[in-house]
Amino acid sequence: MDKITVKAYAKINLSLDITGKRDDGYHLLRTVMQSISICDIITITKTAGEEITISCDNPAIPLGEKNIVYKTAKMFFAETGKSSGLDIAIEKHIPHQAGMGGGSADAAAMLVALNTLFDAGLTTEKLCDIGVELGADVPFCIEGGTALCEGIGEIITPLAPLKNCTVLISKPKKGISTVEAFRVYDSLSGISHPDVDAMIDAINNGAPYAQYCKNVLEFTALLAELDEIKSGMKAFGAVASCMTGSGSAVYGLFDNELSAKECYAKLRTDVGFAEICHPVNHGCEII
């Protein structure tokens, strides 16, 4: 096999709490994450020599050694002793600086794809061990579905698959730096925390969970557009609307797909980026 294509699925945080901070500066999380059908598509082709080249249809994405897929390939080769040139083409659909795990999803997809392409035989657990060195969300993006993620994100407990619903994603033009979001969070006090346990119980028991959607990092996001998007989604019937990750994307959960489509039409005009998607019960996928 000399060529492989993989889907790198985005994620949303249905509930996100920060429970502490490690000595190395990493924040300890307790978050319920969900894979969604918005995905980047990555095609990897073996080439002669050892050069790694990257192309992407989004000019905002850095290429070369600064791209996380480059770092992933180098780490994979160092771990397995394999070597080859690679031509990597990235078709970008996950928005940048959105809190949807775009970079982590791409890294996860690279690990899964390279493991198959080079017949390396690494277990999912081993791929996750490599992945967490690249980013805290990478292990979840490898495993995917619905899960409680703890530690810095690497401790994953699968939950019952989410009941089918329609998810509407909208993102303001301005993104949010993850590093800056956590820096601002550290300066705040008196923050109201989500009830993560209640959400876990509701999901596992097939009960309504939307009332528990909450993200402590919303307190760090000083973008007026976020409240406007959330209010707009709820006006169209979203049962929950919340910022995902460190932002700036907002998701709305709809029981009625027609309502989601009507909201999508308005947000696409008012905000710019909007997309309808659905929950996915697995991680990155070779196609």
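**A walk through the fold, starting at His 27**

His 27 sits in strand β2. Keep in mind as you look around that this is a predicted model. Is His 27 buried or exposed? Its relative accessible area is 10%, and because anything under 20% counts as buried, His 27 is buried. Its side chain has a polar partner: it makes a polar contact with the side chain of Asp 186, at 2.8 Å. Setting aside neighbours within four places in sequence, the residues in contact with His 27 include Ile 18, Gly 20 and Lys 21, as well as Gly 151, Ile 152 and Phe 182. Asp 186 belongs to that list of contacts too.

Strand β2, which covers residues 27-47, also leads us to a helix. The buried residues of helix α6 pack against β2, and against β1 (3-21) and β5 (146-151) as well. Which residues of α6 are buried? Within this helix, residues 196-204, they are Val 196, Ala 198, Met 199, Ile 200, Ala 202 and Ile 203. A helix rule is handy here: an α-helix has 3.6 residues a turn, so residues three or four places apart point the same way. Just after α6 comes Gly 206, with a positive phi near 70°.

Now let's visit another helix. Gly 131 lies in α3, which runs over residues 124-132. Gly 131 counts as buried because its relative accessibility is 0%. Apart from neighbours within four places in sequence, Gly 131 is in contact with Leu 111, Val 138 and Pro 139. To get a feeling for distances, try Gly 131 and Thr 5: they are 126 residues apart in sequence, and their C-alpha atoms are 19 Å apart in space.

Finally, step back to see the whole chain. How many helices and strands does the chain have? Its secondary structure comes to eight helices and 13 strands. The C-alpha trace spans about 55 × 40 × 35 Å along its principal axes. A compact globule of 287 residues would have a radius of gyration near 19 Å, so the chain's value of 19 Å agrees with that expectation. Of these 287 residues, 54% count as buried. Among contacts with a separation of 6 or more, 74% come from residues 24 or more positions apart.

The outside of the chain has its own story. About 12,700 Å² is exposed, and carbon and sulfur atoms supply 48% of this area. As for charge, there are 24 positive and 36 negative side chains, and the centres of the two sets lie 4 Å apart.

Key
Residues numbered from 1 in each chain as written. Predicted model: local features only at pLDDT ≥ 70, side-chain atom pairs only at ≥ 80, totals over all residues. Heavy atoms only, no water. Helix = DSSP H or I, 4+ residues; strand = E, 2+ residues; numbered from the N terminus. Rg over C-alpha atoms; globule rule 2.2 N^0.38 Å. Buried < 20%, exposed > 50% of the residue type's maximum accessible area, 1.4 Å probe, protein only. Contact = heavy atoms within 4.5 Å. Areas by Shrake-Rupley, 256 points an atom, 1.4 Å probe, with all protein chains shown as cover. Lys, Arg positive; Asp, Glu negative; His and termini not counted. Charge placed at Lys NZ, Arg CZ, Asp CG, Glu CD. Polar contact = N/O pair within 3.5 Å; in protein donor to acceptor, adjacent residues only side chain to side chain.
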